[in-house]
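Visitor: I should like a close look at a single part of this chain, taken in its structural setting. Please guide me through one residue and the strand to which it belongs.

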Amino acid sequence: MRTSIPIWKIVAVIMGGITLSLAAAFLAVRFVQAPIAAGTIDPLRLNKTEFRDRGLFKTGESTYILRIVAKEWVFDGGQQRNQPFEFTIPVGATLTIVATSMDLMHTMHIATQKPIPISAGKISRSTITFATPGTYPLLCTSYCGPNHAQMTGSIIVVP
Ligand SMILES: [Cu+2]
């Protein structure tokens with residue numbers, strides 16, 4: 001004797017399927033949108049973007065941009081090879097650090113400031129106002145390989 005499937009079971013399966021499809025579509029849209037809002041970049045074509053010009057740029061009365069590329073094992077702010085990563089700004093100035101990575105995940109941690117995560121494919125933007133003169137050391141706090149400890153530098157804030 002053949003057993004027949006009750007109609008309520010068929011309806012339940014169809015309704016469940018529709019619900020799951022809608023949920024999947026909703027999640028897909030959210031996942032697609034998220035990285036665009038965060039600022040993305042192709043790490044293999046940085047020389048065709050703003051990151052071609054690395055270094056410290058004065059953008060206003062007391063505003064500066066420091067554009068850098070983190071890579072194994074240096075914060076590249078346009079400094080010469082074997083020169084320290086060192087930039088000087090006047091006290092009270094607002095510094096916007098714009099950063100991306102060419103390879104792994106790095107983190108720029110400037111003394112007393114919130115760490116800045118820097119990863120390939122993303123643009124990090126962080127604004128800091130230095131209210132006190134002094135030398136602010138910085139280092140990479142994401143372990144990124146054998147010469148990780150070389151990823152250091154400083155921001156010098158002068159009166
Ligand atoms: Cu690093």
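**A residue in its strand**

Guide: From the N terminus on, the elements of the chain run α-β-β-β-β-β-β-β-β-β-β, that is, one helix and ten strands. Helices (H or I, at least four residues) and strands (E, at least two) are DSSP runs, numbered from the N terminus. The model is predicted: local features need pLDDT of at least 70, side-chain atom pairs count only at pLDDT 80 or more, and totals for chains, interfaces and linings use all residues. Residues are numbered from 1 along each chain as its sequence is written.

The residue chosen is Phe-87, which is found in strand β4 (residues 86-90). Phe-87 counts as buried because it has 20 C-beta neighbours inside 10 Å; the cut-offs are 20 or more other C-beta atoms within 10 Å for buried, 12 or fewer for exposed, and partly exposed in between, with C-beta atoms placed from the backbone. Of the 159 residues of the chain, 19% count as buried.

Leaving aside neighbours within four places in sequence, Phe-87 is in contact (C-beta atoms, placed from the backbone, within 7 Å) with Leu-56, Leu-66, Gly-77 and Ile-155. Phe-87 also lies 6.0 Å from Ile-156, C-alpha to C-alpha, although 69 residues separate them in sequence.

Strand β4 pairs with strand β10 (residues 152-158) in the parallel sense over five bridges, where pairing requires that DSSP find at least two bridges between two strands. Within β4, Pro-90 stands opposite Val-158 in β10. Both strands belong to an open sheet of five strands with mixed pairing, in the order β4-β10-β9-β6-β7. Its edge strands are β4 and β7 (116-118), each pairing on one side only.

Methods:
Two residues are in contact if their C-beta atoms, placed from the backbone, lie within 7 Å.
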